[in-house]
Amino acid sequence: MRRALRLFLPLTAVAATLVTAMVAAPSSFRLRGPITVEDAMATIQNTAVIVSLLAIWMFAAVGFTLLSGREIRYSSLEMRASALHCFALGLVAVTSFVLTAIVFSYLIPYHVGVPLLFALGVIAILTKIYGTIAVFHAVGMLVAGTRTREQLARRRWLRGDLAMVVVGVIVLGALRLIPIVGPIIWALASVFGIGTALATKFGRREPWFLAWRAVES
């Protein structure tokens, strides 16, 4: 009975979140009066675009987790242990990316600034992708309600890094469908993710630069 409850409660929470998101999706039109055909078509198109992007995120999350499950787990643990540090580092990183892009665009010669701007964009995109997947894992762990790996290992369902990432994508994806609130939540998740990726060195906890040591004679 307890095992059934442990499985039923997380699934109920996910289902309730999905239903809430679907009901709240067209709520932005209710304040303006009756829903017209154009409004309905715009809502359907917007929802279709979001669902397509979520499907891409799902494939990317599964691929990254299969290739680097340990690193994703370490980053997720760091995020849950030092959330404020990761968020502050993420804000500093996002601000630095924007200011650096402005410098590369306007204050550096064209033939030099464009390659540097392209390299900066690649780094920023990879950091965001990895960090967001770490956020998926952290959200999945919170929904699963486990505190130790032993508790997670005793489960028959909702166990393993891949399952945690999939649950995180579903929960955050459902929240993304809510107007106004959804984009804000994803923006905050991106800040958390970027900060976590940089704080954990993409889950490897290695120094960014090699330390120089004098050779002892």
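Okay, quick one to start: is Arg73 buried, exposed or partly exposed? Arg73 comes out as partly exposed, with a relative accessible area of 22%. Keep that residue in mind, we'll come back to Arg73 in a minute.

Before I go on, please remember that this is a predicted model. Everything I'm showing is computed from that.

So, the overall picture. The protein has 8 helices and 0 strands. If you walk along the sequence, the pattern reads α-α-α-α-α-α-α-α. There are 217 residues, and 32% of them are buried. The accessible surface is about 14000 Å², and carbon and sulfur atoms account for 71% of that. Now take the contacts between residues at least 6 apart in sequence: 78% of those join residues at least 24 apart.

Right, back to Arg73. How many salt bridges does the structure hold? The count is 1. In general, side chains of opposite charge can pair when their charged atoms come close. Here the partners are Arg73 and Asp161, whose side chains meet at 2.7 Å, N to O. Arg73 sits in helix H3 and Asp161 in helix H7, so this pair ties together parts that are 88 residues apart in sequence.

What about the acid's side of that bridge? Asp161 is in H7, which covers residues 161–176. Its relative accessible area is 17%, and because the cut-off for buried is under 20%, Asp161 counts as buried. Arg73, at 22%, is partly exposed. And which residues does Asp161 touch, leaving aside its neighbours within four places in sequence? Those contacts are Thr65, Gly69, Arg73 and His137.

His137 turns up again if you look at Ser76. Ser76 is in helix H3, residues 69–81, and has 0% relative accessibility, so Ser76 counts as buried. Again leaving out neighbours within four places in sequence, Ser76 is in contact with Ala134, His137, Ala138 and Met141.

Next, the aromatics. A pair of rings is described by the distance of the centres and the angle of the planes. The model has 5 aromatic pairs. One I'd like you to look at is Trp57 with Phe136: the ring centres are 5.9 Å apart and the planes are at 90 degrees, so this pair is edge-to-face. Trp57 lies in helix H2, residues 37–67, and Phe136 in helix H5, residues 110–144, so the pair ties together parts that are 79 residues apart in sequence. Trp57 and Phe136 are both buried. There's a third ring to add, too: ring pairs link Trp57, Phe136 and Trp186 into a cluster.

Trp186 takes us to helix H8. In H8, the buried residues include Gly182, Trp186, Ala189 and Ser190. Further along that helix, Val191, Gly193, Ile194, Gly195, Thr196 and Ala197 are also among the buried ones. How far apart are the end C-alpha atoms of H8? H8 covers residues 181–199, which is 19 residues, and at 1.5 Å a residue it should span 27 Å; the end C-alpha atoms are 27 Å apart, which agrees.

Now, a few backbone oddities on either side of that helix. Ile180 is in the loop between H7 and H8. Ile180 is not a glycine, yet has a positive phi of about 65 degrees. Ile180 is also exposed, with a relative accessible area of 65%. On the other side, just after H8, Lys201 takes a positive phi of about 55 degrees. Then there's Phe202, in the segment after H8, with phi near 60 degrees, again a positive value in a residue other than glycine. Phe202 counts as partly exposed, at 24% relative accessibility.

Last stop, the surface. Which residues form a nonpolar patch there? The patch is made of Val94, Val98, Leu99, Ile102, Val103, Tyr106 and Leu107, with about 690 Å² of accessible area together. To help you find the spot, Leu99 lies in helix H4, residues 83–106.

So, if you're opening the structure afterwards, start with Arg73 and Asp161 for the salt bridge, then go to Trp57, Phe136 and Trp186 for the ring cluster. That's me done, thanks.

How values were computed: Residues are numbered from 1 along each chain as its sequence is written. This is a predicted model: local features need pLDDT of at least 70, side-chain atom pairs count only at pLDDT 80 or more; totals for chains, interfaces and linings use all residues. Side-chain values use heavy atoms; hydrogens and water are left out. Helices (H or I, at least four residues) and strands (E, at least two) are DSSP runs, numbered from the N terminus. Contact means heavy atoms within 4.5 Å. Buried means under 20% relative accessible area, exposed over 50%, partly exposed in between (1.4 Å probe, protein chains only). The expected span of a helix is 1.5 Å times one less than its number of residues. Patches are made of residues with over 30% relative accessible area and no salt bridge: like charges are joined within 9 Å, nonpolar side chains (Val, Leu, Ile, Met, Phe, Trp, Tyr) within 5 Å. Accessible areas come from the Shrake-Rupley method with a 1.4 Å probe; for residues, only the protein chains shown count as cover. A salt bridge is a side-chain nitrogen of Lys or Arg within 4 Å of a carboxyl oxygen of Asp or Glu. Rings of Phe, Tyr and Trp (its six-membered ring) pair if their centres lie within 6.5 Å; planes under 30 degrees apart count as stacked, over 60 as edge-to-face and the rest as tilted.
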